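This report introduces a protein structure to a reader who has not met it before. It considers charged pairs, aromatic pairs and strand pairing in turn.

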Amino acid sequence: MSNMEKDAQSMANYDDVFKNFGSGDIIKGKVIDIRGEDVFVDIGYKSEGIIKLKEFEDDEGNINVKIGDEVEALFFNKTDDDGFEILSKAAADRIRGWHRVVEAYKNNETIKGRIKNLVKGGFTVKIDGFLAFLPGSQVEIKPVKNYSAYVGKEFEFKIVSINEAKRNAVVSRRILLEEEERKRQEEIWQKVKEGAVLKGKVKNITDYGIFVDLGGVDGLVHITDMSYSRISHPSEMVSIDDEIDVKVIKIEEDRDKKKVYLGMKQLTKDPWEDIDDKFKIDDVVKGKIVNIVDYGIFVELEKGIEGLVHKSEITYDKFPYKLEELYKIGDEVDVKITNIDKENRRMSLSIKQTKPYPWELVDELFKVDDVVEGIVTGIKDFGVFVRLAEGIEGLIHENDLSWDKDEKPQLNIGDKIKTKVLNIEKDKERIALGLKQLMPNPWDEVDKKYAVGDELEVEVVSVKPFGSFVKLQKGIEGLVPKSEYNNIEPKKGDKVKIRILRIDKDKRRLISTFIK
């Protein structure tokens, strides 16, 4: 081919290139020079293209361009004063981004973008060079406290609407998050089935149990399902963020939500399964007190097995005191098994039946005329009750409190006192006690202190139809018959003079007469 033919062919190729460029086309070129604020691009056209350097600035403010780079730019079919074709990389990026948005919307696809700025009502999201709008309500599932924390971050978005005429688009991240959460919930619920054994993390601890995160689904382990043994608070077994194994024991539908109930103790053997092999009625065993209530105490025989000692089975004593005065939690006690209800997981126990019935041993414990120590448990008009031993009380009759019937001792419930055993009726479970018998009987010395004919000044203590009683000393009273008044009209409390007429020591009688 001749040189002339070659030149003609080149001119034809040049003309073809020239004809293929139109205003609004996105064309490719190669960076051939960077001078000042301008980037020069070889686009294979009659003149070189020029792009402003700032259009190569990334989101961090860095200029990313060098000689030899291939770039795409929008062709305007306009030249500057120096004859260079004016190009725009930013405009090409916007158009390319818009086309990606439209395509993603039509194909129901997600698209990646970077949150660029905060604007009224939400954010702008940069997709290539195109800016879409992200409403603030669509950035997260939960309410957002710090919107600025999202600026500059890249996410996947769903195109929710576009306006081709105005070339704008609205995107959402929340829709994708909700879809992810829905799929995750479906996957979780495939595993969370009644009877399933799962791993979880302790999320919260309350007085009534613990909440466990199973990986997006929370379940409750009630305190009664944590251990077969009694515990006072869930924190005795677990701490926040502990990883634990749990069993799904029940799932309840509550409107559009599900409640998951979990168990920890269900992962171990139920100690009540072989209760018949471990314990028998009438066995006497040792246990530990784990709870004290108004009606009795609970005793643990082994981990997960406890029984109730009703207050009536704690002691042979009557109950003027509180259970806490006898025992405290943690005490070890011997108990007798009186009943086992395997079906209802209940066991009845007795402490008092581990000991002999007290009245069977009363003859060994007490004898008539013994001086014993006891505690006042009851005060009545007719006398005072005294506890001598567990299950054994005696009575001090009012006549046996003092030799002087007008000077009774001041006693209170709970007082510790000494008394004398006057009588024991084992078959009737009665013991008569005396307090005054601990002191000498003043009548034993009456004949040494008084004689017939003695004249004394005394006090009238009572006036009866048949005569008046006068007090000679503590424990000794005498009678002045009405026939011996000698014209004196006595009144209770009067100080009078008497003369002793007769003394009967054995019958404890002293007869006297009034004298003026």
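## Salt bridges and ring pairs

E306 counts as buried, at 18% relative accessibility. The model described here is a predicted one. Side chains of opposite charge can pair when their charged atoms come close. E306 forms a salt bridge with R230, and the closest N and O atoms are 2.3 Å apart. This pair links distant parts of the chain, since R230 lies in the loop between β13 (218-222) and β14 (243-254) while E306 belongs to strand β18, 76 residues apart. R230 is partly exposed, with 35% relative accessibility.

In total, the structure holds 36 salt bridges. Three of the pairs are set out below.

| Salt bridge | Closest N to O distance |
|---|---|
| R230 and E306 | 2.3 Å |
| D93 and R96 | 2.3 Å |
| K426 and D363 | 3.5 Å |

The pair of K426 and D363 ties together parts that are 63 residues apart in sequence, because K426 lies in the loop between β24 (416-425) and β25 (430-434) and D363 in helix α5. Both partners are partly exposed: K426 has a relative accessible area of 36%, and D363 one of 38%.

D93 and R96, by contrast, are three residues apart in helix α2, which means that about one helical turn separates them. D93 is buried, at 12% relative accessible area, whereas R96 is partly exposed, at 29%. Both residues also belong to a network of salt bridges that links E72, K89, D93, R96, R100 and D128.

Aromatic residues form a further set of contacts, and the structure holds 13 aromatic pairs. In one of them, W98 and F130 are tilted, with 5.4 Å from centre to centre and 55° between the planes. W98 sits in helix α2 (residues 89-106) and F130 in strand β8 (residues 130-135), so the pair links distant parts of the chain, 32 residues apart. Both are buried, W98 with a relative accessible area of 5% and F130 with 6%.

Ring pairs also link F123, Y147, Y150, F155 and F157 into a cluster. Within this cluster, F155 has R173 lying over its face, at 4.1 Å from the ring centre. Likewise, K258 lies over the face of W189, at 4.5 Å from the ring centre.

Strand β18, which carries E306, takes part in a closed barrel of five strands that runs β16-β17-β18-β20-β19 with mixed pairing. The twist averages 50° from one strand to the next. Six bridges join β18 to strand β17 (residues 296-302), and the two run antiparallel. V299 stands opposite G307 in β18.

Key
Residues numbered from 1 in each chain as written. Predicted model: local features only at pLDDT ≥ 70, side-chain atom pairs only at ≥ 80, totals over all residues. Heavy atoms only, no water. Phe/Tyr/Trp six-rings, centres within 6.5 Å; stacked < 30°, edge-to-face > 60°. Helix = DSSP H or I, 4+ residues; strand = E, 2+ residues; numbered from the N terminus. Buried < 20%, exposed > 50% of the residue type's maximum accessible area, 1.4 Å probe, protein only. Lys NZ or Arg CZ within 6 Å of the ring centre and 35° of its normal. Pairing = 2+ DSSP bridges. Axes fitted to C-alpha atoms, helices over the stretch in contact; angles between N-to-C directions. Salt bridge = Lys/Arg side-chain N within 4 Å of Asp/Glu carboxyl O.
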